[in-house]
Amino acid sequence: MQDQLDIGFRIPGTPERVNCVNYFISKFKEINSNFTYLLHNYTIDIIACQNILFKLNENYSNIVILGAHYDSRAKATKDPIIADRNNPVPGGNDGASGCAVLIELAKVLYTERVNLSCQIWFLFFDAEDQGKDNAYGIDEWDWCEGSQRFVSDINNFYNYEKENFECMILLDMVGGENLQFINEQYSTSSLLDELFAIGRDLGYTYQFPSNPESASIIDDHRAFLGERIPSADLIINFWNNPDWPYHHTTEDDLSHISSTSLEITGKTVEQFIYNNYFNDPDNLYHGNYPWSQDINLPNTEVIIIVIILVAIFGIAVSMHFFAKKSSENKSNLAII
Ligand SMILES: [Zn+2]
């Protein structure tokens, strides 16, 4: 995350925006120098924009899309200091957080790739965050321009006769302090429910509350829903949240980011992939969703540890018993 903020403000049409794409490419090349990527170029109101897509496991025809926007908002239209509202948003949580989690997920899922029975897309959107608000907005621009353009060109990015989409998971504002996800209403409810169940099962009951706030958010997942792809938005309350009040302000910087929040988001999505697409039947991660939603069953690791402890205890008891037996036999012999 630090790297993305060090690049500067990733505003559409700026050199920093280009540098950010080059940064993503360098991070994926670190994972594998041959990591497949495709650039999606388009213009909005004469400004050159670019989405970037990285593909893992292209040998599988069923595709899971993991997405985040990487642009940062050009004006801090909600800043409490009116004079600062013309300044850009650093985009720590609103932009960089989701992208940072995607990069970490790419690292870990790459190491597990031979065990996974799906193709995974890591998709970074430009031009999400320049919509109109408090009299600012780039003229003629809407929110989520990047994802809308991507979906309208999606046939250029896959073989629609052979490949199909499983689902799309969007990560937006996933790295702030006091992370708590909402029940986003446009999201495919079964998919979002599954992510919540997994998060809670991993112990993240604050972040995935049993009674989450509900709201409908215009975000990058909506374009995919329009393509009938089940989609879910992992996002927080950003409009009236005293626990994270930095949305579209100049304070959305690293000082209000929590590495724990980033990790919790990443581990939940990672577990979602394992639960649904891990090949190895001996895999300890492999859940059988729907599991333990209502009852708190111990997880597989705990059961295995208990079985081992019971076995060790059993062996110890029987060894003690046999040792006692043989010493009794010896004493009997002595009597004889
Ligand atoms: Zn935003």
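Of the 336 residues in the chain, 40% are buried. The model is predicted, and its chain has eight helices and eight strands. Among contacts between residues at least 6 apart in sequence, 77% join residues at least 24 apart. The points below cover helix α5, its packing against α7, and three loop residues.

**Helix α5**
- Helix α5 covers residues 189-201, and its 13 residues should span 18 Å at 1.5 Å a residue; the end C-alpha atoms are 18 Å apart, so the expected and modelled spans agree.
- Buried positions in α5 are Leu192, Glu194, Leu195, Phe196, Ala197, Ile198, Gly199 and Asp201.
- The cover over these buried residues includes strand β6 (183-184), strand β8 (231-234) and helix α7 (259-277).
- Gly203 follows α5 and has a positive phi, near 100°.

**Packing of α5 against α7**
- The axes of α5 and α7 are 9 Å apart, and the two helices pack at an angle of about 110°.
- An angle from 65 to 115 degrees counts as roughly perpendicular, and α5 and α7 are therefore roughly perpendicular to each other.
- On the α5 side the contact involves Glu194, Leu195, Ile198 and Gly199, which meet Thr268, Gln271, Phe272 and Asn275 of α7.
- By type, the residues of this contact are three nonpolar, four polar and one charged.
- Glu194, Leu195, Ile198 and Gly199 of α5 thus appear in the contact with α7, and they are also among the buried residues of α5.

**Glu213, after α5**
- Glu213 sits in the loop between α5 and β7 (214-215).
- Glu213 counts as partly exposed because it has 14 C-beta neighbours inside 10 Å, where 20 or more would make a residue buried and 12 or fewer would make it exposed.
- Leaving aside residues up to four places away in sequence, Glu213 touches Ile182, Asn183 and Asn237.
- Gln180 is 33 residues from Glu213 in sequence, while their C-alpha atoms are 9.2 Å apart in space.

**Loop residues with positive phi**
- Most residues other than glycine have a negative phi.
- Cys144 is not a glycine, yet its phi is positive, near 60°.
- Cys144 belongs to the loop between β4 (119-125) and α4 (145-152), and it counts as buried because 23 C-beta neighbours lie inside 10 Å.
- Asn178, also not a glycine, has a positive phi of about 55°.
- Asn178 is in the loop between β5 (164-171) and β6, and with 14 C-beta neighbours inside 10 Å it counts as partly exposed.

Notes. Residues numbered from 1 in each chain as written. Predicted model: local features only at pLDDT ≥ 70, side-chain atom pairs only at ≥ 80, totals over all residues. Helix = DSSP H or I, 4+ residues; strand = E, 2+ residues; numbered from the N terminus. Expected span 1.5 Å × (residues − 1). Contact = placed C-beta atoms within 7 Å. Axes fitted to C-alpha atoms, helices over the stretch in contact; angles between N-to-C directions. Parallel < 35°, antiparallel > 145°, perpendicular 65-115°, else oblique. Nonpolar A, V, L, I, M, F, W, Y, C, P; charged D, E, K, R; others polar.
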